[in-house]
Amino acid sequence: MVQLVGSLRKELADSLSSCKVLVVGAGGIGCELLKNVVMTGFKNIDVIDLDTIDVSNLNRQFLFQKKHVGKSKAQVAKESALQFCPSANITAYHDSIMNPDYNVEFFRKFVLVMNALDNRAARNHVNRMCLAADIPLIESGTAGYLGQVTVIKKGMTECYECQPKPTQKTFPGCTIRNTPSEPIHCIVWAKYLFNQLFGEEDADQEVSPDTADPEAAWNSEDTAARATASEKDGDIKRVSTKDWARSTGYDPVKLFNKLFKDDIMYLLTMDKLWKKRKAPTPLDWQQLENGANPQEDTPASGLKDQQVLGVWGHCQLFQHSVETLRAQLQEKGEGSELVWDKDDPPAMDFVTAAANLRMHIFSMNMKSRFDVKSMAGNIIPAIATTNAVIAGLIVLEGLKILSGELESCRTIFLNKCPNLRKKLLVPCILDPPSANCFVCASKPEVTVKLNVHKTMVLSLQDRILKERFGMVAPDVQIEDGKGTILISSEEGETEANNSKFLSDFGIRNGSRLQADDFLQDYTLLVNVLHTEELEHDVEFEVVGEAPDKAPPPQTNQEEVNSITNGNKDSAQPSTSSKARAADDDDDIMIVDSDEEEEEGASSSSTAAPGASSGTKRKHSDVETGEASTKRPRTDQSSAAAAADDDDDDDIIALD
């Protein structure tokens, strides 16, 4: 007779009380997960999270209360979870999981790792650490009513990076600066403007007219005679935006006339841009003030944030927000900077006003503060019950692993509505590792197309190895027979190389670079493919990457909705009118049906009755929201097993 401890077999209950597990993230999913873990019987738990508690967390992260605002999420989550099970041994780390202290040996202390993260960089890192330590990893993600849980085990399943995740779509600088055609272009421009005026200046976030726009091809010699911009303080100067703004004392009217009058008039001189487009209409503060109609901006009924102000209303909002931000800057002292935050009212007011004024100039319908915040702050509503369901599924998959039944683990999707089989929870058989994966393959290798005469060593390190391939501290050696060290993770050793081009080190078409990350116990061989034909504003391409858009779904399949997780570390704004780059909570993810980051939760359902139930639907990258085509399962026994899992119309069998 089987002995039970509660609802678990005694052997499994004993295993739970003795094993050590790691929970990465203590936010929306993390709070629910930690509570589930201690109440299931796990006794030795480590939890790590870098965040502190914010008021906005309190509606769904139930381990936190108002008195905890500003405190460490990991520490407070530990204290709250101990109230459910005082005998549990919980260790909390208020730190980043990417800290070098948490190396492969640290991960090897655990029997199981459960992720509740909020950005791709951390997900990639934990994926690689678990592969290096050969520890099972359970990934998860939610977006509104949708969610996903999957299991990753070295050599048995796909890793987090097996399916290419398309990079977030970005717009050329000339579109943002010269020819915006969608509200999101204006919102991106307004966020750039905030940084240019009050924050950290970035050369890639310039807001002035782009005279290098290849589409313009105008005669610069005629500009002075044709431009009618004033020669007062509001005129275009060849100085940085911030320096010019400081010289005016951040005068709101002068800023307004430069940004919305003089710069626009300057754009009009680039007449080739407007042959097939409607030309923008400059705004003049004095004219608007003289013609202001008090009735125009009288508050309408309804919520204030959902009202759309008139042009003069946005002018006043612009003036008030600039004055408030100027005062904040002065308060912080000389040389200080502000950081844009969607929850900071003056910062949000500034972006709302600036974006809407630019929309009006370019003949677009203006947006409410609520709409602008949704796009600029990249917000997808978080549903507490979705987090709870997903956290429960994580523990159920964990119990399978600890029972030695890894082969019965599944990728499980939570849908918003029942599918054709009347199910909200849909299991899919785990796919084997991809032979072409640049992370978990036996010899990871990639080919990168770039211009060796224009690509600097620093760009190779930061943009390609760290940003694109997820390395933390890469060391790069040229396979030239001499073992030339191009990049060293030791501070100061190769900094002199940073400003040099790859060609300066004899790197050319066909050269091979060996990149090692000792923290991740990861080696990547990079084949260099030299080209001078990259598109404008494209620094490099990875050969063989997935296309930006997945193929259309087959007939009889339900619609695929792509979901992605948030990226709180990313400074990039949302880059699609439909996209919402995720907010800084682990349970908020991008949803984009066209192109675009918590692990990809796909809301598509299984194939219609009669279709092969062994065919796995498209995964979406939970960070980019892009679906990537999955291989159909041809193994008949696997298909039959999947069909068996699908027999019950109301519940889902998880074993």
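Which residues does Asn527 touch, not counting residues up to four places away in sequence? The first legend answers this, and the remaining legends treat other regions of the predicted model.

**Figure 1. Surroundings of Asn527 in strand β15 of the predicted model.** Asn527 lies in β15, which spans residues 522-530. With residues up to four places away in sequence set aside, Asn527 touches Glu445, Val446, Thr447, Val448, Ser511 and Arg512. Two of these neighbours are also joined to Asn527 through side chains: Glu445 by a polar contact of 2.8 Å, and Arg512 by a polar contact of 3.0 Å. Asn527 has a relative accessible area of 13% and is therefore buried.

**Figure 2. Helix α16 and the strands that receive its buried residues.** Helix α16 comprises residues 457-468, and its buried positions are Val457, Ser459, Leu460, Gln461, Ile464, Leu465 and Arg468. These buried residues pack against β11 (445-450), β12 (475-478), β13 (484-487), β14, β15 and β16 (540-542). Gly470, just after α16, adopts a positive phi of about 70°.

**Figure 3. The eight-stranded open sheet.** The strands follow the order β5-β4-β3-β6-β7-β8-β9-β10, with mixed pairing. The edges are formed by β5 (89-93) and β10 (425-429); each has a single partner strand, so one side of each is left without a neighbour in the sheet. On average, and with direction ignored, neighbouring strands of the sheet are turned by 15° against each other.

**Figure 4. Helices packed on the sheet.** Helix α5 (residues 120-133) touches β3 (20-24), β6 (112-115), β7 (137-143) and β8 (146-152). The direction of α5 makes about 160° with that of β7. Helix α15 (residues 384-402) lies across β6, β7, β8, β9 and β10, and α15 runs at about 165° to β7.

**Figure 5. Edge strand β10 and its pairing with β9.** Strand β9 (residues 410-414) runs antiparallel to β10, and five bridges join the two. Within this pairing, Ile412 stands opposite Pro427, while Arg410 has Ile429 as its bridge partner. Although β10 stands at an edge of the sheet, five of its five residues are buried, so β10 is largely enclosed by the rest of the structure. In a regular strand, side chains alternate between the two faces of the sheet. Both faces of β10 are covered, with Leu425, Pro427 and Ile429 buried on one side and Val426 and Cys428 buried on the other.

**Figure 6. The largest nonpolar core and a second, separate core.** The largest core has 54 residues, and those with the most contacts inside it are Ile187, Trp189, Phe198, Phe256, Phe260, Phe318 and Phe350. At least two residues of this core come from each of α7 (183-198), α9 (241-247), α10 (252-268), α11 (285-290), α12 (311-332), α13 (345-361) and α14 (369-376). Helix α7 gives the largest share, 11 residues. Phe198 is in contact with Lys242, Tyr250, Leu325, Arg326, Leu329, Glu337, Leu338 and Phe350, leaving aside its neighbours within four places in sequence. A second, separate core of 53 residues includes Val439, Leu450, Met471 and Ala515.

**Figure 7. Cysteines without disulfides.** The structure holds zero disulfides. Cys440 is in no disulfide, and the nearest cysteine sulfur, that of Cys162, is 3.4 Å away. That separation does not meet the cut-off, because a disulfide requires a pair of cysteine sulfur atoms within 2.5 Å. Cys440 is partly exposed, with a relative accessible area of 24%, whereas Cys174 is buried, at 11%.

**Figure 8. Two aspartates with positive phi, Asp134 and Asp521.** Most residues other than glycine have a negative phi. Asp134, in the loop between α5 and β7, has a positive phi near 55°. Asp134 counts as partly exposed because its relative accessibility is 39%. Asp521, located in the loop between β14 (512-517) and β15, likewise has a positive phi near 55°. The relative accessible area of Asp521 is 53%, so this residue is exposed.

Conventions
Residues are numbered from 1 along each chain as its sequence is written. This is a predicted model: local features need pLDDT of at least 70, side-chain atom pairs count only at pLDDT 80 or more; totals for chains, interfaces and linings use all residues. Side-chain values use heavy atoms; hydrogens and water are left out. Helices (H or I, at least four residues) and strands (E, at least two) are DSSP runs, numbered from the N terminus. Buried means under 20% relative accessible area, exposed over 50%, partly exposed in between (1.4 Å probe, protein chains only). A polar contact is a pair of N or O atoms within 3.5 Å; within protein, one must be able to donate a hydrogen and the other to accept it, and residues adjacent in sequence count only if both atoms are side-chain atoms. Contact means heavy atoms within 4.5 Å. A nonpolar core is a set of buried Ala, Val, Leu, Ile, Met, Phe, Trp, Tyr and Cys residues joined through side-chain atoms within 4.5 Å. Two strands pair if DSSP finds at least two bridges between them. Axes are lines fitted to C-alpha atoms, for helices over the stretch in contact, and angles run from 0 to 180 degrees between N-to-C directions.
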